[in-house]
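Q: I am new to this structure and would like a close look at a single part of it. Please keep the answer plain and connect the part to its surroundings.

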Amino acid sequence: MKAMAATSQSSDAIAPAPLAPRRPEATVRALVVHDSRLLLVSNDGGFWYTPGGRIEHGEDAQIALVRELAEEVGLEARVAGFCHVEQFFKPSRDLHHINLYFWMDLTNPAQALRLEDPDRQVSMARFFSVEDLQGLEVNPRSLKDGWWRARTVRPSAWAPTDRA
């Protein structure tokens, strides 16, 4: 009995699936205030933002935030409470994030910042006063208002005002 040769030429070839539409990504952001200064990170010193990152599929948001803070700046902290939700758009980098902001308490306020970001997205970290923020490009821009010093729940900002 002769074996039949398989051919790769078939009229029933399966076409690749169309790409799914892009969707916003859910991210968590840490509001760490120490000595009336807010912790911000940057990858180039030109644009500063609160530490945090993507929530992995199946991961609890608060666990993701503790993980991200440790990965990016080497700080151990616990989630102290929810603050607010904000949208962020940066079309030049094809970003659309739904940011969940949480207050964080350092477990050891004397610990030093250590840049340990395995993804190399963060190359600088520093605590800033409200006055320090005035000359910087920050996200969200509302951080310059100093609302974070009161440590209260903030109304959510759903208007796309922070397009960078």
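Is R151 buried, partly exposed or exposed, and what is its relative accessible area? Please start there and follow its contacts into the rest of the chain.

A: The model is predicted. In it, R151 is partly exposed, with a relative accessible area of 35%. Partly exposed is the class between buried, which is under 20%, and exposed, which is over 50%. The residue belongs to the segment that follows β8 (138-139).

Leaving aside residues up to four places away in sequence, R151 touches A80, W103, M104 and D105. For one of these, W103, there is also a distance: R151 and W103 are separated by 48 residues in sequence, and their C-alpha atoms are 7.6 Å apart. Contacts across long stretches of sequence are a feature of the chain as a whole. Among its contacts with a separation of 6 or more, 66% link residues 24 or more positions apart.

The contacts of R151 lead to strand β6 (95-106). Of the 12 residues of β6, 9 are buried, so the strand is largely enclosed by the rest of the structure. Two strands can be followed outward from β6. β5 (77-90) runs antiparallel to β6, and 12 bridges join the two. W103 takes part in this pairing, as the bridge partner of G81. The hairpin that β5 and β6 form has 4 residues between the strands, and D94 there takes a positive phi near 55°. With β1 (25-34) the direction is the other one: β1 and β6 run parallel, joined by 8 bridges.

One residue of β6 shows both pairings. L100 stands opposite V85, and V28 also stands opposite L100. Another residue of β6 is H97. H97 is buried, with a relative accessible area of 9%. Not counting residues up to four places away in sequence, H97 touches E25, T27, E86, Q87 and F88. As background to such strands, side chains in a regular strand alternate between the two faces of the sheet.

M104, which R151 touches, leads on to the interior. The largest nonpolar core has 22 residues, and M104 is among those with the most contacts inside it, along with V32, L39, L69 and V73. β1, β2, α1, β5, β6 and β7 each supply at least two residues of this core, and α1 gives the most, with 5 residues. In soluble globular proteins, nonpolar side chains tend to be buried together. A second, separate core has 14 residues, including L133, V138, W147 and W148.

Helix α1 therefore deserves a look of its own, as the element that gives the most to the largest core. α1 covers residues 61-73, which is 13 residues, and it reaches 18 Å from its first C-alpha to its last, close to the 18 Å expected. Its buried residues are A61, A64, L65, E68, L69, E72 and V73. They cover an arc of only 130° around the axis, which puts them on the same side of α1. The general background is that an α-helix has 3.6 residues a turn, so residues three or four places apart point the same way. The cover over the buried residues of α1 includes β1, β2 (37-42), β4 (52-54), β5, β6 and β7 (124-128). Both ends of the helix have a further detail. At the N-terminal end, D60 acts as a cap, with a side-chain oxygen 2.9 Å from the backbone nitrogen of Q62. Just after α1, G74 takes a positive phi of about 70°.

W148, one of the residues of the second core, has a contact that can be traced as well. S129 touches W148, and also S36 and R37, when residues up to four places away in sequence are not counted. S129 is found in the loop between β7 and α2 (130-133). S129 is buried, with a relative accessible area of 11%, whereas R151 is partly exposed.

For the setting of these parts, the chain has 2 helices and 8 strands. In sequence order they follow the pattern β-β-β-β-α-β-β-β-α-β. Of the 164 residues of the chain, 40% count as buried. To return to the starting point, R151 lies after β8 and has W103, M104 and D105 among the residues it touches.

Conventions. Residues numbered from 1 in each chain as written. Predicted model: local features only at pLDDT ≥ 70, side-chain atom pairs only at ≥ 80, totals over all residues. Heavy atoms only, no water. Expected span 1.5 Å × (residues − 1). Buried < 20%, exposed > 50% of the residue type's maximum accessible area, 1.4 Å probe, protein only. Arc of directions from axis to C-beta. Contact = heavy atoms within 4.5 Å. Polar contact = N/O pair within 3.5 Å; in protein donor to acceptor, adjacent residues only side chain to side chain. Core = buried A, V, L, I, M, F, W, Y, C linked by side-chain atoms within 4.5 Å. Pairing = 2+ DSSP bridges.
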